[in-house]
Amino acid sequence: MYKKSIIDHLFLVDNSESDNLKLFAEGEERISYIYNNKNLGYGSAHNIAIKRAFIKNSDYHIILNPDIEFRPEIISIILNFMEAHKDVGQLLPKVVYSTGKIQYLCKMLPTPLDLICKRFLPQNLMDKRMAKF
């Protein structure tokens with residue numbers, strides 16, 4: 001399916017202990033396999049890919065978990081929306097469970113005080129407050 005995609009390049013960032021995923025990139029010039037040899041964390045791994053996308057002068061960057069499934073036309077729908085709405089910087093499509101029920105992913109932003117307290121106070125003191133985020 002990737003060969004027919006409107007996606008120009010795929011960065012496959014691998015945080016696993018082995019490099020078995022490199023098989024997906026072999027012989028594919030539009031796939032860059034990045035093996036970290038350790039779990040850098042979700043955000044750090046995506047930052048690596050985003051930096052490489054900037055080097056390639058990418059207009060857009062899609063961040064996906066490996067367990068995400070979507071219909072093939074979704075990427076075109078998202079691209080068309082972004083092209084028609086140049087004032088939009090980020091987009092989160094509607095996410096649903098396999099049953100079709102909406103997953104509510106919107107979160108509140110913690111205040112600076114919340115972040116400081118979360119970092120320096122015992123976890124159990126912050127559990128109730130952080131649950132709303």
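Here is a short conversation about a predicted model and the reasons behind some of its labels.

Me: Why is the protein chain called more spread out than a compact globule?

Reply: Happy to explain! The radius of gyration of the protein chain is 18 Å, and the globule rule gives 14 Å for 133 residues. The value is well over the rule, so the chain is more spread out than a compact globule. Its C-alpha trace spans about 50 × 40 × 35 Å along the principal axes, and 17% of the 133 residues count as buried.

Me: Which pattern of helices and strands does this chain follow along the sequence?

Reply: The pattern is β-β-α-α-α-α, with four helices and two strands in the protein chain.

Me: What makes Asp19 and Lys22 a salt bridge?

Reply: Their closest N and O atoms are 3.1 Å apart. The label asks for a side-chain nitrogen of Lys or Arg within 4 Å of a carboxyl oxygen of Asp or Glu, so this pair qualifies.

Me: How do you know whether Asp19 and Lys22 are buried, partly exposed or exposed?

Reply: Asp19 has 27% relative accessibility and Lys22 has 34%. Buried means under 20% and exposed over 50%, so both residues fall in between and count as partly exposed.

Me: What makes Arg71 and Glu73 a salt bridge?

Reply: Good one to check! The closest N and O atoms of Arg71 and Glu73 are 2.5 Å apart, and the limit is 4 Å, so the label holds. Glu73 has a relative accessible area of 37% and is partly exposed.

Me: Why is Lys86 called exposed, and what is Glu83 called?

Reply: Lys86 has 60% relative accessibility, and the cut-off for exposed is over 50%, so Lys86 counts as exposed. Glu83, with a relative accessible area of 39%, is partly exposed. These two residues form a salt bridge, with their closest N and O atoms 3.0 Å apart. The structure holds three salt bridges.

Me: And in helix α2, which residues are buried?

Reply: In α2, residues 74-84, the buried ones are Ile74, Ile75 and Met82.

Me: How do you know on which side of α2 they lie?

Reply: They cover an arc of only 100 degrees around the axis, which puts them on the same side of α2. Asn80 and Ala84, on the other side of α2, are exposed. As background, an α-helix has 3.6 residues a turn, so residues three or four places apart point the same way.

Technical notes: Residues numbered from 1 in each chain as written. Predicted model: local features only at pLDDT ≥ 70, side-chain atom pairs only at ≥ 80, totals over all residues. Heavy atoms only, no water. Buried < 20%, exposed > 50% of the residue type's maximum accessible area, 1.4 Å probe, protein only. Arc of directions from axis to C-beta. Rg over C-alpha atoms; globule rule 2.2 N^0.38 Å.
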